[in-house]
Every structure is written in structure tokens, then in C-alpha cells.
Amino acid sequence: MRLGRKGLAATLLVLLMLSTALTGCGGARNGEQPDESQQSDTIPSNEVITLTYFSEDPNPNWNKMQDRIGKIITEKTGVILDAEFAVGDPGQKVSIMAATGEYPDLIAAKADLGKLVDVGGVLDLTDLIEQHAPNIKKMLGDKIVRAKYSLEDQSIYAIPTWSAVEEKKFRAEHGFELQHRVVKEAGYPEIRTLQDYEKVISDYLAKYPTDENGNKNIGLSLNADDWHMYMVTNVGFMTTGAPDDGEYYVDQETFDVTYHFRRPEEKEYFRWLNHMNDIGLLDPESFVQKTDQFKSKVASGRVLGLIVPMWEFGDAQQSLKAAGKFDHTYGHYPVTLSKEYKDPSFWSAGFDGGYGVAISSQCKDPVAAIKFLDYLASEEGQILVNWGVEGIDYVVENGKRFVPKDIQDKMDREGTAYTKESGLGFYWNMMVHYGDGIKDSTGNYFTKTNAEELTASYSEPEKEALAAYNIEHWKGLFPSEEEFPERKAGAVYNISLPADNKATILGAKMKDITWKRIPEAIMAKPADFDAIWDSYMKELDKAGVKEMEEAYGQFVKDRVKLWYGE
């Protein structure tokens, strides 16, 4: 096994652990392609092993794998996870791991993976994949190069789980959201620019300032709690036609990068938020409320508009469905600064490796860990994770897998209670996977996010809104992925950087400055906005923003060279 940048002591420790693990573990033969019909025979041991796991992504509904999907995964793999999910700043937790040298068995560290690589905290998985992960190897194929850490260090430190190997998206999960009742009241107008969006909210609030219980309706609420601030700032590039590349705007021809807040057009988006605050359409608690408070407001049905990814408010929307308030749930609209820009929600990054699950150098059984991840990558595992248990969460009739209306109604009615019982949505970001629109060996889709299932999941208010816009799905309002050029560097936010690199060090400084200045600019008097913004730009320049851009840009160019040999 190649251990990349690890020291001799770590190497010896890992070899000792692997030697111990290999004597007690069976499974697929080296290099053998997976037989999907035989997945139930891949249990590595008759005894259940508990592996510790940390993820930077929160999961407030985690049920300790006592949900029905989790129980089957344990039955198939012999593994149960003792899991911890991020609370507060997830990067800080990973930094503590790196500093103390104490690691769980499995770690989903996202962009903070480099902190662990630098101190030898994670294994190079190249040999483990080759020897014990036929499903992962088969699925990645020649795209496995995109799982390599860097041009300099071509080890594989994480199984990529966030980016789908193949995908054809059907679901709109971004954009600007509006409650169906609000858009219906406006007569289903075109909602294409910030001004269109603002007018619909303003007109509704003027007519209905309070809800049926006399509580004040809220035009637009933001969640800026801790790392959720990214959900506030990312909209700056999306409304100006740029795809999600984290804190950077990438020139798709030269691969030079710009700290995206320095683009003049983005200033105008934040000026619009300042205007929304000034006229009373922005929730004044946006920059002081906690995530639970934000979700509680959404679940109350009082928030007319949102500008966050669907996963940010999904639990709250489920609560609205459970309460039967389907007209208080949200549709998605491709809002930009002006019509000269295209909403980039469906601008594909392709498979970009990146974020994933690593196996630590202290893992008690690396072979059991990789086989656990490999089962999730199997066809059986993917269907289980995405669909649940046949006969309970879905049915198969005449060879077609689908969710009947009575089961869908139960999911909507029970909301998070159903999620905790079933485990649906808990495991998708632990596995390398196919995305939406890709079919399995039976001719059914791997995920439930396909045209037929989406249509079946729509409530009557949602169907009415879609019909009014003469579209089948919300995607129909957005520019299609064919309208955009190839992103040869993928989504660059998931490039893992060494902790001591200039881009890392300076990036932390820029974040501190930005997270202070953006709220200040938005909540200021409009007459003060320009002065605050100009001061913000000068502060970035003084802190070394151009030096940071140059350093990060080199990583982007190196990624393109690694992937394409150019």
C-alpha cells in the first residue's frame, strides 16, 4: 500500500493494522468484477464491528443505524457506525484531530482533508480499492484519476461521495424560492430578475402583512449562522451567471481565479439585499438567528421567500407538508441580477472527485471499512440507500420500481419521523454513486429523482404552479446544461489544500473579513453602502487577496493538468 506523504512510523502502524485485518476478513477476490446478484454474500465477518465516523455535514435526524436501511447495511457488511456529525465550525473539529493525532476510523472532512493528509492522518486507499473494492473500482473506471489528491501527490485519500459519477439532473434544488400561494396571488408572472422577485413579495406583504394567526409574515429570511454564511454569500456569483466554485470565480479558458466578491457585478447583488433590508422585506434577524430559529420560521409558513439550496430548508418544508400546508411550500425560480445573466444551477461540473470519505491511519480495520464503502457503491447498496426497503418504502410492479401514492402521502404526513424510521437520505454522501437520470441493470433509475417520481411527488398547489408556467418540472424554467461550456476543472471548491499553503492561510483571513463586512454592508443605510464596500475591497487588497488568488489558481491549473495531461 502506498502511503503518500506519511512518515515511517505511520507506515509501520498501518501495515500492522492491515496485517491483522487481512487475517480475519473475507470477501471478493482481488480484481474480480462485482456480481450484483451476489451482494448479500460480501459480509466481511460474522461479527459486527463498530467503526467510528465523523462527517463535516450535519445530520440532526441520525438514528444510529437503527433505521431499516441502516440495519440492512449492517447485515450486509458487518459494520455499524458510531457516528458524529458536525456542530458549529466543522473545520475546527478536523483541525483538532490533526493537532492531537486522534482520529475516528472514517472521516468525511470535505475541503479540510488536506489538514489530515499533512500529518499522515489518513490512508492512501489506492491498494485497498484495487484489492477489496470491486464496485468502487468498476464505477470509477478511468475517472479514478479525479479521485487523486493532487498533481504532486497522486494518492487517493478519500472515496469521492459528493459528486455523481454520471448524472442527468431533473430536480431544481437551487434558485430563488417562493411559496406557491404568493406566486398564485400574483397571477403566476415571469420571475426572472431580482426586481421581479422583489415585486411578488412586496405585493403579497402589502395585502397580507400577517398570517391567519396574526403573526407577521416575513418577506425574505437568510440563514447566516456560522458556516451557513456561505449560503448567503454564494448567491452573489449565482445571480451574476457564475457556477459554484466556492469562494472563487474561475476563468473557464485560462483557469485564473478571482475571489468572487471582487467582481463588480456582485457588488450590485449585495446592494439589492441592502435595499431589501431598507424597505423592510428582509428579515431583520437574518444575521443573528441560529439555524434552528431559521428553520422554525420556515416551518411556521410565515417566510414567503428563500434563497438557499433545497437541502438547507428540506426539514422545515417537510413540516409544512406534514401540517397540510402545501401552498406554503416552495417553487424554484431562475432569478439573476438582470436578464443578461443565466442562472447556472444546471451548469454541470461533471464528476470532480473531491469531497469524500477517508479511512484514517488509526482505523481498527481498514479492510472492513473499505468493504463497507464498497457495498454502498454496489447496485444493491445504491438502490437500498436511495429507495429504501421494497414493500415498505417502494414497490415493484411489472418490473417498474416506484413509490405509490399512499406511501408518498405517508412520507409527507410523517415528515422527519418517517425519515428517522426509514433512514432515507442518511447514507447517500457516504458512497460513490450514480446520480439522477441513470438507470440500473433492471432498467429502473438509481435515484427517485426522475421525471416520473418527481411528478408523482408534487402536491396540488405545486402542480397548479407548474401548469401555469406550462412546464412539467421546475427545471423547465432554468437554462439547460447544454447552454454552458465544459468546466474542465470541475467544481474547484473541493480542492483540498495543504494547511501551510498561502491559499489556505490567506483564505482564512479573507473569510474573516468577508463574513464581517457583508452583513455590515447589507444592514447599513443605503447611503453608506458604497463607502462600506469600498473599504471592504481595500481591506481585502491589503490582506493579500491577489497573492491568494495566484496561489489557488495554481491548484486549479494543476488539477486540469492531472486530469487531462495538458
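**Cavities and nonpolar cores**

Colleague: By class, how many nonpolar, polar and charged residues are in the lining of the second largest cavity?

Modeller: In this predicted model, local features need pLDDT of at least 70 and side-chain atom pairs pLDDT 80 or more, while totals for chains, interfaces and linings use all residues. Numbering runs from 1 along each chain as its sequence is written, and side-chain values use heavy atoms, without hydrogens or water. The lining (residues with an atom within 4 Å of a cavity point, where a 1.4 Å probe on a 1 Å grid over the protein atoms alone fits but cannot get out) includes Tyr53, Asp57, Lys110 and Trp162. By class, the count is 4 nonpolar, 4 polar and 2 charged residues.

Colleague: What is the volume of the largest cavity?

Modeller: The structure holds 2 cavities of 30 Å³ or more. Lys169, Arg171, Ala172, Glu173, His174, Ser345 and Phe346 line the largest, with 3 charged residues in that lining. Its volume (the space filled by probe spheres set on grid points joined across faces, edges and corners) is about 50 Å³.

Colleague: Which helix gives the most to the largest nonpolar core?

Modeller: This core (buried Ala, Val, Leu, Ile, Met, Phe, Trp, Tyr and Cys joined through side-chain atoms within 4.5 Å; buried is under 20% relative accessible area, 1.4 Å probe, protein chains only) has 74 residues, of which Tyr197 and Trp272 touch the most other members. With 8 residues, the greatest contribution comes from residues 502-523 (a DSSP run of H or I, at least four residues, numbered from the N terminus), helix α20.

Key
Buried < 20%, exposed > 50% of the residue type's maximum accessible area, 1.4 Å probe, protein only. Helix = DSSP H or I, 4+ residues; strand = E, 2+ residues; numbered from the N terminus. 1 Å grid on protein atoms, 1.4 Å probe; cavity = no way out; pocket = protein on both sides within 12 Å on 5 of 7 lines; lining within 4 Å. Nonpolar A, V, L, I, M, F, W, Y, C, P; charged D, E, K, R; others polar.
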